Amino acid sequence: MLRRLLSGWKRYKYRLVPWIALNVSKNPRTIRFVPETSLDKVISDCAIEASLLKLFRALFRRDLSNQAEFLKMLPESIQSKYKNLLTHFHKGTEGNRMEFNPDGAMLETFGFIIRRAISSLSFAGRGVFVTTGRVPKGTVVCMYPGTVYQQYEPILFQSICNPFIFRCVDGVLIDGNDKGISKVIYRSCSGRDRLGPYKTSDVTWFTETPVNPLALGQYVNNCSNEKEANVCYQEFDVPMTFPVEFRQYFPNVNYRHDVERLLRCVVLVTLRDIEMGEELFSNYYTIIK
């Protein structure tokens, strides 16, 4: 029992403000300093959107066997974009169908694959590793999944003993816990926003094989004085113009739906080139002057 408590404390302490305040000067390499808010973005929002579009498009095309009926419900302007693909699909030969393989879509799109495995840090449990390929500097390598809460929305019970609450610069919170009440709330919100057979968010990040292979950001461990950060968090608001057929791959959902707002996402962007076999490390806290 004591060992479990100590293990939990080692993971949770990085999110406890009093501990951070007392130890900030002792662990300088674990802190990311940003001179001002405008400099917090490593790459542009346009670059993030382009990366997500590229991956989601590959996922959609590889899963056409499950998307064909859904496409029929969408406006003709959207269906026309996939007319040739649908024509080949409806010919019905097995050879024309692509096996749905999220990792394959990631490799095809980005040239790398990431997976969860036992962390190289003895106290950290599982982490995220580059298992295939090489990740260039300035690349979107992960997404932080979970329910998105505004500052005024209730999150007290979800936050108890929960090390996966991510706080954005403007106070927006993302609950990336895939267990307990957090999981129940996410599923409920995702089901609430579903329009018939049309999904507006992804719930498979709860599993070992998420449909969106980027949705592993909550498992990226904090850096240490020995292992410096090689990725950083960057906030991204999904524009209203984002294609409706690709929204099903976002591993995020707003807690409330009665107020129309952009969906907040957090991606992890590489700070340097990352080679195959390396573990991803981030800064759990950023200080913006």
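The following questions and answers examine a predicted model of one protein chain.

User: What is the mean pLDDT of the protein chain, and over which residues is the pLDDT below 50?

Analyst: In this predicted model, 82% of the residues of the protein chain reach a pLDDT of 70 or more, and the mean is 86. Where pLDDT is low, the predicted coordinates should not be read in detail. That caution concerns a stretch with four contacts beyond near neighbours in sequence, where the pLDDT is below 50: residues 93–97.

User: How many helices and strands does the protein chain have, and what percentage of its residues count as buried?

Analyst: The protein chain has nine helices and 13 strands. Among its contacts with a separation of 6 or more, 75% are accounted for by residues 24 or more positions apart. Of the 289 residues, the share that counts as buried is 51%.

User: Which strands pair with strand 11 over four bridges and over eight bridges?

Analyst: Strand 4 pairs with strand 11 in the antiparallel sense over four bridges, and Val140 has Val269 as its bridge partner there. Cys232 also stands opposite Val269 in strand 11. The antiparallel pairing over eight bridges joins strand 11 to strand 9. The strands asked for are therefore strand 4, with four bridges, and strand 9, with eight bridges.

User: How many residues of strand 11 are buried?

Analyst: In a regular strand the side chains alternate between the two faces of the sheet. On one side of strand 11, Leu263, Cys265, Val267 and Val269 are buried. On the other side, Arg264, Val266, Leu268 and Thr270 are buried. The number of buried residues in strand 11 (residues 263–270) is eight of eight.

User: Why is the pair of Tyr144 and Tyr233 edge-to-face?

Analyst: A search of the whole structure finds 14 aromatic pairs. For Tyr144 and Tyr233, the ring centres are 6.4 Å apart and the planes stand at 75°. Planes over 60 degrees apart count as edge-to-face. The pair is therefore edge-to-face because of its plane angle, 75°.

User: Which strands hold Tyr144 and Tyr233, and how many residues apart are they?

Analyst: Tyr144 counts as buried because its relative accessibility is 1%, and Tyr233 counts as buried at 12%. Their pair links distant parts of the chain, with Tyr144 in strand 4 (residues 140–144) and Tyr233 in strand 9 (residues 231–238). The separation in sequence is 89 residues.

User: Which aromatic residue lies under Arg126, and which ring does the charged end of Lys183 sit over?

Analyst: Arg126 lies over the face of an aromatic residue at 5.3 Å from the ring centre, and that residue is Tyr219. The charged end of Lys183 sits 5.5 Å from the centre of another ring, that of Phe206.

User: How many disulfides does a search of the whole structure find?

Analyst: A disulfide is a covalent bond between the sulfur atoms of two cysteines. Among the cysteines, Cys142 counts as buried because its relative accessibility is 0%, whereas Cys161 is exposed, with a relative accessible area of 73%. The number of disulfides found in the whole structure is zero.

User: How many residues of helix 7 are buried, and what covers them?

Analyst: Helix 7 (residues 102–110) is mostly covered, with seven of its nine residues buried. These are Pro102, Asp103, Gly104, Ala105, Met106, Thr109 and Phe110. What covers them includes helix 3 (45–62), strand 2 (112–118) and strand 4.

User: Is Leu74 buried or exposed?

Analyst: Leu74 has its place in the loop between helix 4 (64–72) and helix 5 (76–79). Beyond residues up to four places away in sequence, Leu74 touches Gln79, Val244 and Glu245. Leu74 and Glu245 are 171 residues apart in sequence, yet 8.5 Å apart in space, C-alpha to C-alpha. Because its relative accessibility is 12%, Leu74 counts as buried.

User: Which residues are the bridge partners of Thr147 in strand 10 and in strand 7?

Analyst: Strand 5 (residues 146–149) pairs with strand 10 (residues 252–254) in the parallel sense over three bridges. Strand 5 pairs with strand 7 (residues 173–175) in the antiparallel sense, also over three bridges. The partner of Thr147 in strand 10 is Val253, and in strand 7 the partner is Asp175.

Notes
Residues numbered from 1 in each chain as written. Predicted model: local features only at pLDDT ≥ 70, side-chain atom pairs only at ≥ 80, totals over all residues. Heavy atoms only, no water. pLDDT = per-residue confidence, 0-100. Contact = heavy atoms within 4.5 Å. Phe/Tyr/Trp six-rings, centres within 6.5 Å; stacked < 30°, edge-to-face > 60°. Helix = DSSP H or I, 4+ residues; strand = E, 2+ residues; numbered from the N terminus. Buried < 20%, exposed > 50% of the residue type's maximum accessible area, 1.4 Å probe, protein only. Lys NZ or Arg CZ within 6 Å of the ring centre and 35° of its normal. Disulfide = S-S within 2.5 Å. Pairing = 2+ DSSP bridges.
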